[in-house]
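Hi everyone, thanks for making time for this. I'd like to walk you through one model, so please pull up the sequence and the structure.

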Amino acid sequence: LSEISLPSTLLSIGDRTFFGCESLRNIVIPENVQVIGSEAFYLCYCLKEVVLPKSVTKVEVTAFTNCENLSKITFYNDNCIIGDNSSTIYYKATIYGGENSTAQEYSQKYNRKFVVIETEPEKPKGECGEKATWKYDESTKTLTISGSLDMSDYDYEKSPAPWTVYD
């Protein structure tokens, strides 16, 4: 088990969900996830980098304990609550987040390397019908179309679908 794909409808990653998945190297946290549970990635030795989208509001205590190869964790929610324990995030990981964010506070409290980043870039999105919308996730190269009723008609040469630029 080296890579995990999670659905965009997922709202939380429960306690100990991936506990002991020692070969896990890559995971993309979907945009709708709000909570990372306690010990969710405990002992995921091969996990190298984690990006937590703006939707993540809480990382429970010891969520990333003993992820020995975790070198980078990025927080795009400046107000994300991070479990108050020195081992919530593996001690060798560099923490990336906004200036004056809770990620920076955690880094200072537990003497971790911290890098200030800009806010999460907006994902390309728009309307594609009366009550239909689209969004494109560049990291997963996934186009999601949602809503009801009919989609708009497009003409490849005169008026192409807005997402064709991502092909």
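I'll start with the whole chain, go on to the strands and how they pair, and finish with a few single residues.

First, a word on what you are looking at: this is a predicted model. The chain holds 1 helix and 12 strands. If you read along the sequence, the pattern goes β-β-β-β-β-β-β-β-β-α-β-β-β. Taken along the principal axes, the C-alpha atoms fill a box of roughly 55 × 35 × 25 Å.

Some overall numbers for those of you who like them. The chain has 167 residues, and 37% of them count as buried. Its accessible surface is about 9,900 Å², and carbon and sulfur atoms account for 45% of that. On the charge side, there are 16 positive and 24 negative side chains, with the centres of the two sets 6 Å apart. Then there are the contacts between residues at least 6 apart in sequence: 25% of those join residues at least 24 apart.

Now for the strands. As a quick reminder, strands of a sheet pair through backbone hydrogen bonds, either parallel or antiparallel. Which order do the strands take in the open sheet of 4 strands? The order is E2-E4-E6-E8, and the pairing is parallel. At the edges you find E2, residues 12-13, and E8, residues 81-82, each of which pairs on one side only. Further in, E4 (residues 35-36) and E6 (residues 58-59) run parallel and are joined by 2 bridges. If you want a spot to click on, take Ile36, whose bridge partner in E6 is Val59.

Let's move to another run of pairings, and follow it strand by strand. Start at E5, residues 49-52, which pairs with E7 in the parallel sense over 4 bridges. There, Val50 stands opposite Ile73 in E7. E7 itself covers residues 72-75, and 3 bridges join it to E9, again running parallel. Ile73 turns up here too, standing opposite Ile95 in E9. Next to that, Thr74 stands opposite Tyr96 in E9. From E9 we carry on to E10, residues 114-116, and these two pair in the parallel sense over 3 bridges. The partner of Gly97 in E10 is Val116. To get from E9 to E10, the chain passes through helix H1, residues 102-109, and this β-α-β crossover is right-handed.

Let me stay with E9 for a moment. In a regular strand the side chains alternate between the two faces of the sheet. So are the faces of E9 covered or open? Both faces are covered: Thr94 and Tyr96 on one side are buried, and so are Ile95 and Gly97 on the other.

On to the single residues, beginning with the loops. Thr62 is found in the loop between E6 and E7. Thr62 counts as buried because its relative accessible area is 13%, and the cut-off for buried is under 20%. Who are its neighbours? Leaving aside residues within four places in sequence, Thr62 is in contact with Ser38, Glu39, Tyr42, Asn85, Ser87 and Thr88.

The loop between E6 and E7 is also where you find Asn66. With a relative accessible area of 27%, Asn66 is partly exposed. Its backbone deserves a look: phi is positive, at about 55°, although Asn66 is not a glycine. For context, most residues other than glycine have a negative phi. Leu43 is another case, with phi near 65°. Leu43 is found in the loop between E4 and E5, and at 18% relative accessibility it counts as buried.

Last stop: Asp150, which is found in strand E12, residues 142-151. Is Asp150 buried or exposed? Asp150 is exposed, because its relative accessible area is 66% and the line for exposed is drawn at over 50%. Not counting residues up to four places away in sequence, Asp150 touches Cys128, Gly129 and Glu130. And how far is Asp150 from Asn85 in space? The two are 50 Å apart, C-alpha to C-alpha, and 65 residues apart in sequence. You may remember Asn85 from a minute ago, as one of the contacts of Thr62.

That's my tour, and I'm happy to take questions.

Technical notes:
Residues numbered from 1 in each chain as written. Predicted model: local features only at pLDDT ≥ 70, side-chain atom pairs only at ≥ 80, totals over all residues. Heavy atoms only, no water. Pairing = 2+ DSSP bridges. Buried < 20%, exposed > 50% of the residue type's maximum accessible area, 1.4 Å probe, protein only. Right-handed = clockwise from strand over helix to strand, strands pointing away. Contact = heavy atoms within 4.5 Å. Areas by Shrake-Rupley, 256 points an atom, 1.4 Å probe, with all protein chains shown as cover. Lys, Arg positive; Asp, Glu negative; His and termini not counted. Charge placed at Lys NZ, Arg CZ, Asp CG, Glu CD.
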